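Good morning, colleagues. Please look at the sequence and the structure on the screen while I go through three topics: the disulfides, one strand and its partners, and the interior space.

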Amino acid sequence: MKTAFKRTLLASLVVPFALGAQSASAVMITDWGYEVNSSFSDWTDTGGDGAVTASDSDRKLSWGISDPQSSVSITDVNEPSGLITNGGYVMGGTFTHTNNTLPASGTALASFDLTSTLTLTPFDPAGGSLPPTSRTFESFFNETLNNGNCVSASVSNCDDIFTIDNIGDLGLVETDDGFEFASPSFTIDDYTYTVYLELAGLAYLGAETCAEAGASAGCIGLLTEEGQVNNFDTRFRITATEVPEPGTLALLGLGLAGLGLSRRKKAAKA
């Protein structure tokens, strides 16, 4: 009778404490505001007449000694809400290559770093902005000669080629539209969040294309048509998983310890 009473008492104590720990859990952030700022840096050129010039606070690089020039640019995004936890993608900006026919004597873009910086602000429930996080893509560019001697994958005369050099450092996963890169996770209260950035249009390039770009076989990149404005969208999403509270784990340990003690007492009586 005393043993049954003790068990009932233990249950009456542990269950309310466990329920109290659950009700004290922090609320998951379900909606975020987001700001994406991107810029080019450390660009190099092929040599020759002219130079690669930056404008619009380093969000655009232009080159070529003829008019119009060729260029690459990136747009920024700033939204007060709309990034839903465990929801779909939101737009993170557009990478644009304006690919014009240029004289062979002029210099062209050869390589560049593109750094994308994301700042998240909790919208529901509201909170202060998080520290910005950045990802840098180290890219190489091949301004191909428009002489008809194109790689077989080329659509125009001739497609220019982009490749990403530090792909192994980015933790990529192939998606239906391109490749997705996971940023380092962060924890707020009881939830761990991870942001995934997708670059649409990226693909594994064939051996001939990689060799033409001076990259190793199996490289990843994209081709851009000559005489066209080529747009490639970036987008991202955020996921969350709940982290067990230390108090809940402690209560679980207490319950298991009590169960073990009860079993040992039964064994001793036997």
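**Disulfides, a strand and a cavity**

A disulfide joins Cys210 to Cys219, with an S to S distance of 2.1 Å. I should say at once that this is a predicted model. The torsion about the S-S bond of Cys210 and Cys219 is about -100 degrees, so this disulfide is left-handed. Are the two cysteines of this link buried or exposed? Cys210 has a relative accessible area of 0% and is therefore buried. Cys219 is buried as well, at 7%, because the cut-off for buried is under 20% relative accessible area.

How many disulfides are there in total? The count comes to two. The other link is formed by Cys150 and Cys158, whose sulfur atoms lie 1.8 Å apart. With -75 degrees about its S-S bond, the link of Cys150 and Cys158 is also left-handed. As for accessibility, Cys158 is buried, with a relative accessible area of 2%. Cys150, in contrast, has 24% relative accessibility and so counts as partly exposed, since that class lies between the 20% and 50% limits. Counting bonded cysteines along the chain, the disulfides follow the pattern 1-2, 3-4.

I now turn to β9, which spans residues 160–164. How many of its residues are buried? Five of the five are, and the strand is thus described as mostly covered. The cover extends to both faces of β9: on one side Asp160, Phe162 and Ile164 are buried, and on the other Ile161 and Thr163 are buried.

Which strands pair with β9? One of them is β8, which pairs with β9 in the antiparallel sense over four bridges. Within that pairing, Phe141 has Phe162 of β9 as its bridge partner. Another is β15, which runs antiparallel to β9 and is joined to it by four bridges. Here the bridge partner of Asp160 is Thr224 in β15.

Beyond the strand, in the loop between β9 and β10 (172–174), we find Asn166. At 8% relative accessibility, Asn166 counts as buried. Which residues does it touch, leaving aside those up to four places away in sequence? Asn166 touches Thr136, Phe137 and Glu138. Taking Thr136 as an example, Asn166 is 30 residues from it in sequence, while the C-alpha to C-alpha distance is 8.8 Å.

Phe137 leads to my last topic, the interior space. Rolling a probe the size of a water molecule over the atoms shows where empty space is left. The structure holds one cavity of 30 Å³ or more. The volume of the largest cavity is about 400 Å³. Its lining consists of 28 residues, and those nearest the centre are Leu114, Phe137, Leu197, Leu199 and Thr234. Which elements give two or more residues to this lining? They are β1 (31–45), β6 (90–99), β7 (109–124), β8 (133–142), β9 (160–164), β13 (191–200), β15 (220–224) and β16 (228–242). By residue class, the lining divides into 17 nonpolar, nine polar and two charged residues.

To close, let me bring the topics together. The strand β9 pairs with β8 and with β15, and these three strands are among the elements that give two or more residues to the cavity lining. Phe137, one of the residues nearest the cavity centre, is touched by Asn166 from the loop after β9. Thank you for your attention.

How values were computed:
Residues are numbered from 1 along each chain as its sequence is written. This is a predicted model: local features need pLDDT of at least 70, side-chain atom pairs count only at pLDDT 80 or more; totals for chains, interfaces and linings use all residues. Side-chain values use heavy atoms; hydrogens and water are left out. On a 1 Å grid over the protein atoms alone, a cavity is a set of points where a 1.4 Å probe fits but cannot get out, and a pocket is an open set with protein on both sides within 12 Å along at least five of seven lines; lining residues have an atom within 4 Å of a point. Grid points are joined across faces, edges and corners, and a volume is the space filled by probe spheres set on the points. Ala, Val, Leu, Ile, Met, Phe, Trp, Tyr, Cys and Pro count as nonpolar, Asp, Glu, Lys and Arg as charged, and the others, Gly among them, as polar. A disulfide is a pair of cysteine sulfur atoms within 2.5 Å. Buried means under 20% relative accessible area, exposed over 50%, partly exposed in between (1.4 Å probe, protein chains only). Two strands pair if DSSP finds at least two bridges between them. Contact means heavy atoms within 4.5 Å.
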